Amino acid sequence: ATGIALLTAANAGAARTALGSTTTGDALFIASSQAAAQSALGVYSESEVDALIAALPTPCIFNPVINGDFAVDQEFAGASVTVTSGAALKYVIDGWYAWCTGANVTFQTTTVAGRKRARFTGAASNTLVGFATRMEALDTADFASKFATISALLSSSSITTVNWGLYYANSTDSFGTVASPTRTTIDTGSFTITSTETAYSDITAAALASGATTGLELVFTIGALLGSQTFTIGDVQIEKGSVASPSFTNNGSFQRCRRLLWVVPVLAGHATSTTLSAGIEHSGMRTTPTISASAALKVAQPGIGFFTQSSANATIDNNTAHGGEYKFANFTGMTGNVPTILRTDGGKIVLSARL
């Protein structure tokens, strides 16, 4: 009835009566266009509603970046790590590798406002620092044909520009090396940063290619980081779509980190005079891992004594992605067929299925 009365209103007074309003009726009666009428009624056009919906933030259901908050450090346990200039990529914390040119830099986690951050400290003659993460096809295949939003917390005592690049692997989960990458560029960009930690985000200029189902790699690079200068990064996130979520999501980092790296600080096995043999379960790794000892292992035979490898050694008898039988040689003087326990003050056993 109101609509009929409004359509047949002969003047502003009649329009006011139909609407039950003392002002809207006047504005509506004299409206010269649809837009003016919508404004008078306080309603939106279909296109305006669509634009409002598109601008609403959507929750980050899944962040494929492993350890984007740098809370997990199985291998180095927060210790400083040297990144050697000109060397191959070096994993410096779970899920992330680094490289540099000109001069070595150091990497170590730090704490800002109660949360972990990744921090590089420079050296004289350094010319570049790179920091990157690789994400499995299993976690990123559904990004294909969609936009991606990249976000991170960034700051530096000296650097003002951080470059980023997003890539997909040319074949499933195979990205190559720093010197010879096997990947295709999706998009690149940069952030202008300051010494104050700030959240930055960017959206790919176009939707990812339909072929971007083979795994993603996110790379950050900066220019010369000189002596005592620092670059700090935290809460790295990639999301489908073109709106950055207001909060960070880590999606079970420790379990996901163990899919790529399983560090064994303690185990029990049986010995000969020179070799420790042990079975290790590591259920759910990405693929059959390689094995290494981070340093010479130390073991104890209760009631007998302590023994240390003359040099780090770890070999595989047989293994799968879920467990295996391993041997550790280069001991001297152990008693055979006696339970032997790995001590935590020596090297760690490292099982790697990294990308």
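This tour visits two sheets and two buried residues of a predicted model.

The model's local features require pLDDT of at least 70 and its side-chain atom pairs count only at pLDDT 80 or more, while totals for chains, interfaces and linings use all residues. Residues are numbered from 1 along each chain as its sequence is written, and side-chain values use heavy atoms, with hydrogens and water left out.

**The six-stranded sheet**

Begin by selecting β1, β4, β5, β12, β7 and β10, which form an open sheet in that order with antiparallel pairing. Strands here are DSSP runs of E with at least two residues, numbered from the N terminus, and two strands pair if DSSP finds at least two bridges between them. At the edges are β1 (81–83) and β10 (198–203), each of which pairs on one side only. Neighbouring strands of this sheet are turned by 35° against each other on average, direction ignored; axes are lines fitted to C-alpha atoms, and angles run from 0 to 180 degrees between N-to-C directions. In general, strands of a sheet pair through backbone hydrogen bonds, either parallel or antiparallel.

Next, select residues 105–112 and 115–121. These are β4 and β5, paired in the antiparallel sense over seven bridges. Within this pair, Thr109 has Ala118 of β5 as its bridge partner. The two strands form a hairpin with two residues between them, and Ala113 in the turn has a positive phi of about 55°.

Move from β5 to β12, to which β5 is joined by four antiparallel bridges. One position to display is Thr121, whose bridge partner in β12 is Thr230. Strand β7 (residues 148–156) is also joined to β12, by eight bridges in the antiparallel sense. There, Thr149 stands opposite Glu239 of β12.

**Asp235, within β12**

Now select Asp235, which is placed in strand β12 (residues 230–240). Is Asp235 buried or exposed? Asp235 counts as buried because its relative accessibility is 13%; buried means under 20% relative accessible area, exposed over 50%, and partly exposed in between (1.4 Å probe, protein chains only).

Show the side chain of Arg115 as well: a polar contact of 2.9 Å joins it to the side chain of Asp235. A polar contact is a pair of N or O atoms within 3.5 Å; within protein, one must be able to donate a hydrogen and the other to accept it, and residues adjacent in sequence count only if both atoms are side-chain atoms. Not counting residues up to four places away in sequence, Asp235 touches residues including Asp69, Phe70, Arg117 and Phe248, where contact means heavy atoms within 4.5 Å. Ser151 is another residue that Asp235 touches; the two are 84 residues apart in sequence and 7.8 Å apart in space, C-alpha to C-alpha.

**The seven-stranded sheet**

Turn to the open sheet of seven strands, with the order β18-β17-β21-β14-β15-β20-β19 and antiparallel pairing. Because β18 and β19 stand at the edges with a single partner strand each, one side of each is left without a neighbour in the sheet. The twist averages 30° from one strand to the next. Select β14 (residues 268–271) and β21 (residues 339–342), which pair over three bridges; Gly269 has Thr340 of β21 as its bridge partner.

**Gln309, between β18 and β19**

Finish at Gln309, in the loop between β18 (305–308) and β19 (315–319). Gln309 is buried, with a relative accessible area of 3%. Its side chain reaches the backbone nitrogen of Leu297 at 2.9 Å and the backbone oxygen of Ala329 at 2.7 Å. Among the other residues that Gln309 touches are Ala295, Phe328 and Phe331.
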